[in-house]
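The following exercises invite the reader to examine a protein model step by step. Each task is followed by a worked solution.

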Amino acid sequence: MATILDGTSRTFSEYLLLPNLTSKATAVDRIDLRADVARYRKGEEPCPLRINLPMASAIMQAVSHDGMAIALAREGGLSFLFASQSVESQVEMVRRVKNYKAGFVTSDSNLTPEHSLADVLALKKRTGHSTIAITGDGTPNGTLLGIVTSRDYRVSRTPMDAKVGSFMTPFDHLVYAYEGIGLSEANDLIWDRKINQLPVITRDRRLVGMVFRKDYDEHKENPDELLDADKRLMTGAGINTRDYAVRVPALLDAGADVLCIDSSDGFTEWQAETLQWIRKTYGSEVKVSGGNIVDAEGFRYLVDAGADFVKVGIGGGSICITREQKGIGRGQASAVLEVAAARDAYFKETGIYVPICSDGGIVYDYHMTLALAMGADFLMLGRYFARFDESPTRRLMVNGSYVKEYWGEGSNRARNWQRYDDGGEGGRMAFEEGVDSYVPYAGKLKDNLDATVSKVRATLVSCGASSLAELRERARLTVVSSTSIVEGGAHDVILKESERRS
């Protein structure tokens, strides 16, 4: 006879937080939302990998490409670039994120003096960058001969076939610095000389990189940017249990900061083999997670196999139909609560803390704080981020409203059979575990994220917590009835206008 667990499988909407004493020490501007993303041993804090905002974008084609990774990292969060693409394509995404902002940026827009204005415009359209380094061989590390910016030509007057050498700013008119200059000194030079970019070269004039004024300005506007030791934006990347021996080395070589096995069900021998291969090949240096799981047994299995963090949740995503297709899953609140308890027990037993990531089940912003209070170290979000300009999907007008396309990795559209691999021949999906849909268009990521984070901070204040660790320790939760849920919203009034809650 099957084992039947005690208790009900519950969702976030079935809980509310009770307020604790709000003290002066828990003012909104003092809230610390940093979150651990990799295992560490007690006494060896801080965690070797920490994010400044407890949010990650999901490993999905419709959510996480390099554009989303850049935008989210600039706000302090982390993206996991989707794995359902070729190794080469995913590697290029990683490189674009890592090269986007490094203080000293490797030039990705380069031509020779023999190229034409038409080539300049084509390169600008492809990269989005208006500053082009002109080198002897057209490579990022060739001999610097000049620079072209939009101020060096006028499309209405300069012939399309005009040689770059005829209108570029030549080397002897440039302000430049030699290799070895510090970033602070480089920024001072940019400001003192009133320039927008500073080429950095070797003593024999070979281009090393560029420092841009806009990077300094943007960093001041985004103090919580998630940066690595070399001042580059950080990004994660998804992997699967099929081609990891090829994909993992390539992603690491490109600079990926953390990896995550992408699967709807992580309690499998294939995930254990993937984790063990990474540990045998790279030791503890490479940070990699396993998942998804929904109970203590699954958590312990992946931790013992070497997972740095464990992803929790099966069937709770808005586009996921695993539960109705296979009858497998668990209410997200119940899953997080049990796995968080297992994590704490493991920490008490071994002295090793393994973070957990809640993936799925978030409908409203307050659900995020509930998940964090229940024990999640950070959250993985799909639908939330799919709505923004920075997601890779098309914005469309449907029935008079703007929407963004959003499909699950388990849909036929994603063609991601590796994610649902059961060890068979593979190469196809016998049935779908995700749908192809739309989500309401919401605008820019930053505008929406700022509002969401304000709500999270305010809730921590009401709970008397100044950090996520304190929230997990002090939070008090109550189960709510269906009538109580109705009472919690606007009721018994005539609303002046219909408002969409996010």
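The exercises below concern a predicted model and address its largest pocket, its aromatic pairs and its charges over rings.

**Exercise 1.** Describe the largest pocket by its volume and its lining.

*Solution.* Step one: the volume of the largest pocket is about 740 Å³. Step two: its lining comprises 29 residues, and those nearest the centre are Val105, Asp108, Ser109, Thr127 and His129. Step three: elements giving two or more residues to this lining include α1 (66–75), α3 (117–127) and β13 (207–212). The largest share, 5 residues, is contributed by α2. Step four: sorted by class, the lining holds 12 polar, 10 charged and 7 nonpolar residues.

**Exercise 2.** Determine which class of aromatic pair phenylalanine 309 and phenylalanine 378 form, and where the two residues lie.

*Solution.* Step one: the ring centres are 5.2 Å apart, and the planes meet at 70°. Step two: planes over 60 degrees apart count as edge-to-face, and the pair is therefore edge-to-face. Step three: phenylalanine 309 lies in the loop between α9 (296–305) and β17 (310–312), whereas phenylalanine 378 belongs to strand β20, 69 residues apart. Step four: phenylalanine 309 and phenylalanine 378 are both buried.

**Exercise 3.** State whether tyrosine 384 is buried or exposed, and give the reason.

*Solution.* Step one: the relative accessible area of tyrosine 384 is 4%. Step two: buried means under 20%, so tyrosine 384 is buried.

**Exercise 4.** Identify which ring lies beneath the charged end of arginine 203.

*Solution.* The charged end of arginine 203 sits over the ring of tyrosine 178, at 3.8 Å from the ring centre.

Notes. Residues are numbered from 1 along each chain as its sequence is written. This is a predicted model: local features need pLDDT of at least 70, side-chain atom pairs count only at pLDDT 80 or more; totals for chains, interfaces and linings use all residues. Side-chain values use heavy atoms; hydrogens and water are left out. On a 1 Å grid over the protein atoms alone, a cavity is a set of points where a 1.4 Å probe fits but cannot get out, and a pocket is an open set with protein on both sides within 12 Å along at least five of seven lines; lining residues have an atom within 4 Å of a point. Grid points are joined across faces, edges and corners, and a volume is the space filled by probe spheres set on the points. Helices (H or I, at least four residues) and strands (E, at least two) are DSSP runs, numbered from the N terminus. Ala, Val, Leu, Ile, Met, Phe, Trp, Tyr, Cys and Pro count as nonpolar, Asp, Glu, Lys and Arg as charged, and the others, Gly among them, as polar. Rings of Phe, Tyr and Trp (its six-membered ring) pair if their centres lie within 6.5 Å; planes under 30 degrees apart count as stacked, over 60 as edge-to-face and the rest as tilted. Buried means under 20% relative accessible area, exposed over 50%, partly exposed in between (1.4 Å probe, protein chains only). A charge sits over a ring if NZ of Lys or CZ of Arg is within 6 Å of the ring centre and within 35 degrees of the ring normal.
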